[in-house]
Structures are given as C-alpha cells and as structure tokens.
Amino acid sequence: GRAPAVPLELPPPAPERAADREVRPAASAAEASARGLRRKTENETAVGVHDTYRDIMGETMFAQLRTLDPSAERHDYFDESTGEWDEEGMRGDIEICRRDRGA
C-alpha cells in the first residue's frame, strides 16, 4: 500500500512591503523592442507548454520504471543531446516489468 499522506506545513507569509505594492508601468512596444524583448506568439507558448508536459511525462514514466526496475538507467531512455525521452521504450519496459511481476 501507499504511505499515508503527510500534511504539508508552509511557513507564514512574509509581511507585505510597500515596494511590493508599487505598480510599475509596462514598457511600451518600442521600449521592449529596443531591449530585445517581445511577446511569445501563441504557437511558441503552446510549444513551450507541450515541451514542459513531455518533460514531466518522461520524468514520471522513468520514476515509475525505476520503481519496477531499480537497475534502469536514465541514459538508456533520455537523449541529453536532443532532450528527448524514449517514451515508447519506457512504456514497453514498464509493461515487461509488470508482466514479469504478475502485476
């Protein structure tokens, strides 16, 4: 079974400071452009969210695999040069581990 959940105790919030309440005007488009800043396009935002989701899924799947097979090595499933996880390989190995354990 699972271990009982332990309640998370957070520290009290820090007192609010006047500087935290200051509202700073947003930079104009010209100022932002001069500083090399720009808003992400909708597509760039979607790609970033997709990449983050894939990273989380890869890490989660690898953690699950390591639970079933502690000898599993990250470098067998994660390509550092591309930042890509071999999700298909992990799925297959998870399935094999479960079948071998009768799970």
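1. Start with how far to trust this predicted model. Among the elements of the protein chain, helix H4 (residues 87-101) has the highest mean pLDDT, 94, while helix H1 (residues 18-21) has the lowest, 55. For the protein chain taken as a whole, the mean pLDDT is 75, and 50% of the residues reach 70 or more. A word of caution for reading H1: where pLDDT is low, the predicted coordinates should not be read in detail.

2. H4 is a good place to begin looking. This helix has 15 residues and spans 21 Å from its first C-alpha to its last, close to the 21 Å expected at 1.5 Å a residue. Just after H4 comes Gly 102, with a positive phi of about 75°.

3. Now look around the H4 axis. Which residues of H4 are buried? They are Glu 87, Met 90, Ile 94 and Cys 97. These residues cover an arc of only 85° around the axis, so they sit on the same side of H4. Turned away from that buried side is a face carrying the exposed residues Glu 88, Glu 95, Arg 99 and Asp 100.

4. Next, the charged pairs. Side chains of opposite charge can pair when their charged atoms come close. The count here is three salt bridges. In H4, Arg 91 and Glu 87 meet in one of them, at 3.5 Å from N to O. The two residues are four apart in the helix, which means that about one helical turn separates them. Their surroundings are worth a look: Glu 87 counts as buried, at 14% relative accessibility, whereas Arg 91 counts as partly exposed, at 48%.

5. H4 also holds the salt bridge between Arg 99 and Glu 95, whose closest N and O atoms are 3.7 Å apart. Again the partners are four residues apart in H4, so they are separated by about one helical turn. Arg 99 and Glu 95 are both exposed.

6. Outside H4, Glu 59 forms a salt bridge with Arg 74, with 3.1 Å between the closest N and O atoms. This pair links distant parts of the chain: Glu 59 is in helix H3 (residues 42-68), and Arg 74 is in the loop between H3 and strand S1 (78-79), 15 residues apart. Both partners are partly exposed, Glu 59 with a relative accessible area of 37% and Arg 74 with 32%.

7. The rings deserve their own point. How many aromatic pairs does the structure hold? There are three. In one of them, the ring centres of Phe 62 and Trp 85 are 5.8 Å apart and the planes are at 35°, so the pair is tilted. Phe 62 belongs to helix H3 and Trp 85 to strand S2 (residues 84-85), so to speak two distant parts of the chain, 23 residues apart. Both Phe 62 and Trp 85 are buried.

8. Trp 85 also pairs with Phe 78. That aromatic pair is tilted too, at 4.7 Å centre to centre and 50° between the planes. Phe 78 is buried, as is Trp 85. Step back and one aromatic cluster appears, formed by Phe 62, Tyr 77, Phe 78 and Trp 85.

9. Finally, follow Arg 74 to the rings. Besides its salt bridge with Glu 59, Arg 74 lies over the face of Phe 78, at 4.8 Å from the ring centre. Phe 78 in turn is part of the aromatic cluster.

Methods:
Residues numbered from 1 in each chain as written. Predicted model: local features only at pLDDT ≥ 70, side-chain atom pairs only at ≥ 80, totals over all residues. Heavy atoms only, no water. pLDDT = per-residue confidence, 0-100. Salt bridge = Lys/Arg side-chain N within 4 Å of Asp/Glu carboxyl O. Buried < 20%, exposed > 50% of the residue type's maximum accessible area, 1.4 Å probe, protein only. Phe/Tyr/Trp six-rings, centres within 6.5 Å; stacked < 30°, edge-to-face > 60°. Lys NZ or Arg CZ within 6 Å of the ring centre and 35° of its normal. Expected span 1.5 Å × (residues − 1). Arc of directions from axis to C-beta.
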